[in-house]
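Student: Please select one part of this chain for a close look. I should like a formal account of how that part is packed, followed by comparable places elsewhere.

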Amino acid sequence: MSLLSVKDLHTSFFTDAGEVRAVNGVSFELERGKILGIVGESGSGKSVTAYSIMQILAETGRIVGGSIKLDGQELVGAGEKVMRTVRGNRISIIFQDPMTSLNPTYTIGHQLIEAILLHTDRDKKQAYDRAVEMLRLVNVNEPERRMKQYPHEFSGGMRQRVMIAMALACEPDILIADEPTTALDVTIQAQILELMQSLHHARSGRRGAAVRRDHRDVRRLHLRAGDGGRDLLRAPPRLHARPAALDPERRERRTEAAADHGHADRPFEHAEGLSLCAALRRRDEDLHPRALRAAAGRPNAHGVVLAERARRGRIRKGGRERMSEQNNTPLVDIRHLKEYFYISTGPFTTKPLKAVDDVSFTIRRGETLGLVGESGCGKTTVGRTVLQLYKPTAGEIWYDGKQIKTAKDLKEFRTKATMVFQDPYSSLNPRMTVSDIIAEPLDVHHLCKTKEERRDRVLELMQYVGLNSEHASRYAHEFSGGQRQRIGIARSLAVNPEFIVCDEPVSALDVSIQAQVINMFGDLQDKLGLTYLFIAHDLLVVRHISDRIAVMYLGKMVELADADEIYNHPLHPYSRSLISAVPVPDPKIARANRRIALKGDIPSPLNAPSGCPFRTRCPHATEACAEAMPELKEVSAGHFVACHRTAELSD
């Protein structure tokens, strides 16, 4: 008998606009000690399926059909009294966002102890000891001290570890992990997945559902718009088929089809046709550096690799042609940029938080420079300071051969340089129509003389980014996440800019919508001759669009090189760790991968280590690394590295 059996599950939400069928006939079996992975786009019903099992749906949600059996016991209709004995004791859940799942007003220890007291018969002393034991189990250092701290004093990765500790504290039979790594950087993702893997191995006789990428006991269920799903291991995607995303004509048709058939996050309009997920999964597998190296002996893979290299070559060739038409003066030249925030440490004392500390780089006209690194490394601060949304603490910002000094210089600069913000939800004014949002820069800079000219420009911009003109009078909340990001991009194009800072513009989007937006960035660059500073923590996305890539760590730039050079021959230990942590969907490649694990979390910029900031996590650090920060030096043509041991490690 299966530990958990879900058959023909139907869950709906009843709203003023009508019934939203979030889950439509999902069925699966989970055996004891096995792992089931459920994948799909936002709105496909993954989380609602998990919440239905736990019966923690919102007030408007209701299971309208189907069966959920735990060890043969029917849970649908069992009542709240029965479910209270199931939640925590038999089934636990790790929620997606650990910051909103933990109560900010209580200490970590209080919340752990409370969960243990509610679901076990331990007394307070035993509950405290159990909480400390669980924090130690999930590799939280100094657990006794950490018990007294609040959630905001933990990093994202450490908060997620606390959530795992809380979920496992009562020794449940089934652990549901609801996208436990989505909000985390690639290195922290790898740490959390490895932690869950080790816990599964340690207690494989009792654990049920958890999410992993590579394990022989893993089955994967694919959901789309709440449909019943299919087992991906019984019908896996063809890893060496030519991805539609790599063929410009097919990619355009697929993008248009996706736009015509609706989005998974709009369940009122049931999507038809095939999802882009499989195409993007194949793309990521074939573009991964280890996949490229393994492709030589794989049938038909060579054509995929050559097609992608040719496509990227055309993009880069176009960028270089645009650059060659200009003189050698960089369009953007950043010299010794510093951005310090002074934090109060007492009634009369402050301490500098060095978010950006002596960063220099250039961007040629028509080029895309990718900027990557973990959260807190200073990427976003660099982008905002370059546009002087933050006033620089020190350093020089040159644009097209002219230094930006005065208010007049800045006003002129802002008609040539704009920004696409990370969150398409919060960066758009909910009280303004799409037309007014896009036209706001036109109004600020008085670029349109008449209402007709203003309207025509808005419609032109909407056409550029693939939005329908009849949507101009709608409000932002009436659009999907991908469409909202298109609105933000249209707004950034309003002043006819030459340079755009893209601050993680696709991190809040599903992989299929990411593909559409990334392709649109490339098309706009070719049509309009744009120059990008592209900030992201998704290394595959950055490689896909960038000519060169810069790697940041704790306010410092540690490596800068051509995109292919960074991926094929990373020299800095931090860059190597980042690339090794990139997840690979192909199980064979993933098993052969040797990940370079980093110890601990990124230090606070308030208390940065002396010398090289990476030395506290670097496996190759020596005493010399603690004495002086290494300079960013050119070690080969166009390849810059800041490391004392570059010569030794490159052998």
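Tutor: The account below begins with one helix and its partner, and then turns to other sites in the chain. The model is predicted, so that local features need pLDDT of at least 70 and side-chain atom pairs count only at pLDDT 80 or more, while totals for chains, interfaces and linings use all residues. Residues are numbered from 1 along each chain as its sequence is written, and side-chain values use heavy atoms, with hydrogens and water left out.

First, the setting. The protein chain has 23 helices and 21 strands; these are DSSP runs numbered from the N terminus, with helices being H or I runs of at least four residues and strands E runs of at least two. Of its 651 residues, 53% are buried, where buried means under 20% relative accessible area, exposed over 50%, and partly exposed in between, for a 1.4 Å probe and protein chains only. Taking contact as heavy atoms within 4.5 Å, 69% of the contacts between residues at least 6 apart in sequence join residues at least 24 apart.

The part chosen is helix H15, residues 434–444, which packs with helix H16, residues 451–464. Their axes are 10 Å apart and form an angle of about 115°; axes are lines fitted to C-alpha atoms, for helices over the stretch in contact, and angles run from 0 to 180 degrees between N-to-C directions. H15 is therefore roughly perpendicular to H16. For this wording, 65 to 115 degrees counts as roughly perpendicular, under 35 as roughly parallel, over 145 as roughly antiparallel and the rest as oblique. H15 passes H16 in a right-handed crossing, the near helix being turned clockwise from the far one by less than a right angle, whereas an anticlockwise turn would be left-handed. On the H15 side, the contact is made by Val 434, Ser 435, Asp 436, Ile 438, Ala 439, Leu 442 and Asp 443. H16 contributes Arg 454, Arg 457, Val 458, Leu 461 and Met 462.

The buried residues of H15 are Val 434, Ser 435, Ile 437, Ile 438, Ala 439, Pro 441 and Leu 442. Their cover includes H16 and helix H17 (481–493). Just after H15, His 446 takes a positive phi of about 50°.

A second helix pair offers a useful counterpart. Helix H4 (residues 108–119) and helix H7 (residues 156–168) pack at about 20°, with axes 9 Å apart, and they are therefore roughly parallel to each other. Their crossing is right-handed. Ile 108, Gln 111, Leu 112 and Ala 115 of H4 meet Val 162, Ala 165 and Met 166 of H7.

Aromatic rings come next. The whole structure holds eight aromatic pairs; rings of Phe, Tyr and Trp (its six-membered ring) pair if their centres lie within 6.5 Å, with planes under 30 degrees apart counted as stacked, over 60 as edge-to-face and the rest as tilted. One of them, Tyr 51 with Phe 95, is tilted, at 6.2 Å centre to centre and 50° between the planes. This pair links distant parts of the chain, 44 residues apart: Tyr 51 lies in helix H1 (residues 46–54) and Phe 95 in the loop between strand S6 (91–94) and helix H3 (98–101). Tyr 51 is partly exposed at 23%, and Phe 95 is partly exposed at 26%. Another pair, Phe 521 with Tyr 532, is edge-to-face, at 5.5 Å and 85°. Here Phe 521 belongs to helix H18 (residues 511–528) and Tyr 532 to strand S17 (residues 531–535), 11 residues apart. Phe 521 is buried at 1% relative accessibility, and Tyr 532 is buried at 0%. Together with Phe 534, these two residues form one aromatic cluster.

Finally, a buried loop residue. Ala 642 lies in the loop between strand S21 (639–641) and helix H23 (646–649), and counts as buried at 1% relative accessibility. Beyond neighbours within four places in sequence, Ala 642 contacts Met 557, Val 558, His 572, Met 629, Pro 630, Glu 631 and Leu 632. Its C-alpha atom is 9.3 Å from that of Leu 571, 71 residues away along the chain.
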